[in-house]
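Dear colleague,

I am handing over the structure below, together with notes on what was found in it. Please read the notes with the coordinates open beside you.

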Amino acid sequence: MNYENTLAFAQQLDAADPLKEFRQQFLIPQHDGRDTVYFTGNSLGLQPRTTRDAILQELDDWAKFGVEGHFEARNPWFSYHELLTENAAALVGAKPIEVVVMNQLTSNLHFLMASFYRPRGLRYKIVCEQKAFPSDQYALETQVKWHGYEPEEAIIEVAPRAGEHTIRTEDVIAAIENAGDSLALVMIGGVNYYSGQLFDMAAITAAAHRVGAFAGWDLAHAAGNVQLKLHEWNVDFAAWCSYKYLNSGPGSVAGAFVHERHAHSNLPRLAGWWGHDKTVRFKMEKGFVPIPGAEGWQLSNAPVLSMAAHKASLEIFARAGMPALCAKSEKLTGYLEFIIDTVSAAHGNCLEIITPRNKAERGCQLSIVAHGYGRKLFDALTAKGVIADWREPNVIRTAPVPLYNSFEDVWRFGSVLNGALER
Ligand SMILES: *Cc1c(COP(=O)(O)O)cnc(C)c1O
């Protein structure tokens, strides 16, 4: 596509955008009486207009029914999580039996590793990416120690090659093959939060399976951002949060995936009453009998107020559809890439995009290194109503989200960036 760095061109792309009406369904933070350029949907997604009513409905039903709301509420709380399963499964390319909405992301990783990280004898190692999100690093480190191993010995981090910013698939696969029989688990972020790199989950999962290890994925930056096919890719387990691309509010409830082939397995697990056979849950008897599938990994009854926000958001994703969102995302981020390159060229090539240039290896996020600039550059953007994300020493993360960002947002970002570099 031939892009142009003009407002008229950006507005023309917006007019032709089949998803353009979705922007109106979100509350966009204001700056000086106009919409901000909100490029941090990768950190906290914006609030859909339907969220407030969805939560109020549960508050009203709680007021009206008290405890009877478990069965009498318009959306009975007893089985509330079931209302989200179909849309959540579609989002990650899974069958309904493979998905459940529960807990928080890091909690889900731990509970899933309780089943899928079972180090025994010589098979105890974990392959992960270097500079994984800190919570994932801490989760792996403490899992390993909890089983009595040393992190330095058990955790194999795959790094970018010297002078590169992203990790090559062939290097991940080589690390898996080198570990061979000693490998218990591969656990990587499907899209890296820092570089925006999208990993080849199918190839890496297959490599893990070839050496007899499980493969699990943290999809915090992938769910709602890229097309996922967890079932087809044979992924063993995955977890994701709902407050980034999934627009379900700060700290909202998370998702978990367990492949259908483990649905009836007797993998050990850390259980709670909500994972117990529904037909006899309230008999309150001894002896845990798991619900088949991902639901059997639930522990607690659902946090309905968060679930209501997530349900409202998933309904928007179901209407838009991931294929249409990804088609727009490719164009929108392609436009951002063009704008950054254009602005950079006018300023001595001071901006370096460290996210892969290949569209198949990224979602909507572009991470930019601003050579020779510091925090002041970022503050100048913020002062002009651009909400992006700054990582020391000089990385700006930008995520134009196809549900609510426009091509005009991208053009405005370029114009503000250009102005900030000039000063
Ligand atoms: C955002 C994020 C988290 C956050 O975990 P919570 O348990 O939701 O606080 C963890 N891992 C990755 C890769 C993330 O991007």
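Which residues form a nonpolar patch on the surface? In this predicted model, the patch is made by Leu-56, Leu-59, Trp-62 and Leu-305, which together have about 370 Å² of accessible area. Helix 2, covering residues 51-65, gives the largest share of the patch with 3 residues, while Leu-305 is found in helix 10, which runs over residues 304-320. With a relative accessible area of 38%, Leu-305 is partly exposed, and because a patch residue must have over 30% relative accessible area, that value allows Leu-305 to be counted in the patch.

Next comes the ligand site. The residues around the ligand are Leu-105, Thr-106, Phe-133, Ser-135, Asp-136, Asp-218, Ala-220, His-221, Tyr-243 and Lys-244, and sorted by class this shell has 4 nonpolar, 3 polar and 3 charged residues. Several side chains in the shell place polar atoms close enough to the ligand to be listed one by one:

- Thr-106 has a polar side-chain atom 2.6 Å from an oxygen atom of the ligand.
- Asp-136 has an N or O atom in its side chain that is 2.6 Å from a nitrogen atom of the ligand.
- Lys-244 has an N or O atom in its side chain that is 2.5 Å from an oxygen atom of the ligand.

Taken alone, the ligand exposes 380 Å², and the protein buries 84% of that area. The elements that give two or more residues to the shell around the ligand are helix 5, at 105-116, and helix 6, at 134-146.

On the charged pairs, a search of the whole structure finds 21 salt bridges, of which I describe some here. Glu-260 forms a salt bridge with Lys-95, and the closest N and O atoms of this pair are 3.0 Å apart. The pair links distant parts of the chain, 165 residues apart, since Glu-260 sits in the loop between strand 12 (254-258) and helix 10, whereas Lys-95 sits in the loop between helix 4 (82-92) and strand 6 (99-102). Both partners are partly exposed, Glu-260 with a relative accessible area of 32% and Lys-95 at 35% relative accessibility.

Asp-171 and Arg-161 form another salt bridge, in which the closest N and O atoms are 2.7 Å apart. Here Asp-171 lies in helix 8 (residues 169-179), and Arg-161 lies in the loop between strand 8 (155-158) and helix 8, with their positions 10 residues apart in the chain. Is Asp-171 buried or exposed? At 17% relative accessibility, Asp-171 counts as buried, because the cut-off for that word is under 20% relative accessible area. Arg-161, by contrast, is partly exposed, with a relative accessible area of 35%.

A similar description applies to Arg-391 and Asp-389, which form a salt bridge with their closest N and O atoms 3.1 Å apart. Arg-391 is partly exposed, with a relative accessible area of 29%, while Asp-389 counts as buried at 10% relative accessibility. Beyond these pairs, Glu-337, Asp-341, Arg-357 and Arg-362 are linked in a network of salt bridges.

Finally, there are two pairs of residues to look at that are separated in sequence. How far apart in space are Gln-298 and Asn-108? Their C-alpha atoms are 9.3 Å apart, although the two residues are 190 residues apart in sequence. Gln-298 lies in the loop between strand 12 and helix 10, and at 2% relative accessibility Gln-298 counts as buried. Asn-108 has its place in helix 5, which is also one of the elements giving two or more residues to the shell around the ligand. At 0% relative accessibility, Asn-108 likewise counts as buried, and the side chain of Asn-108 reaches the backbone oxygen of Met-102 at 3.0 Å.

The other pair is Asp-14 and Asn-405, which are 391 residues apart along the chain and have C-alpha atoms separated by 9.7 Å. Asp-14 is placed in helix 1, residues 7-15, and counts as buried at 15% relative accessibility.

With kind regards

Definitions and conventions: Residues are numbered from 1 along each chain as its sequence is written. This is a predicted model: local features need pLDDT of at least 70, side-chain atom pairs count only at pLDDT 80 or more; totals for chains, interfaces and linings use all residues. Side-chain values use heavy atoms; hydrogens and water are left out. Patches are made of residues with over 30% relative accessible area and no salt bridge: like charges are joined within 9 Å, nonpolar side chains (Val, Leu, Ile, Met, Phe, Trp, Tyr) within 5 Å. Accessible areas come from the Shrake-Rupley method with a 1.4 Å probe; for residues, only the protein chains shown count as cover. A salt bridge is a side-chain nitrogen of Lys or Arg within 4 Å of a carboxyl oxygen of Asp or Glu. Helices (H or I, at least four residues) and strands (E, at least two) are DSSP runs, numbered from the N terminus. Buried means under 20% relative accessible area, exposed over 50%, partly exposed in between (1.4 Å probe, protein chains only). A residue is near a molecule or strand if one of its heavy atoms lies within 4 Å of it. A polar contact is a pair of N or O atoms within 3.5 Å; within protein, one must be able to donate a hydrogen and the other to accept it, and residues adjacent in sequence count only if both atoms are side-chain atoms. Ala, Val, Leu, Ile, Met, Phe, Trp, Tyr, Cys and Pro count as nonpolar, Asp, Glu, Lys and Arg as charged, and the others, Gly among them, as polar.
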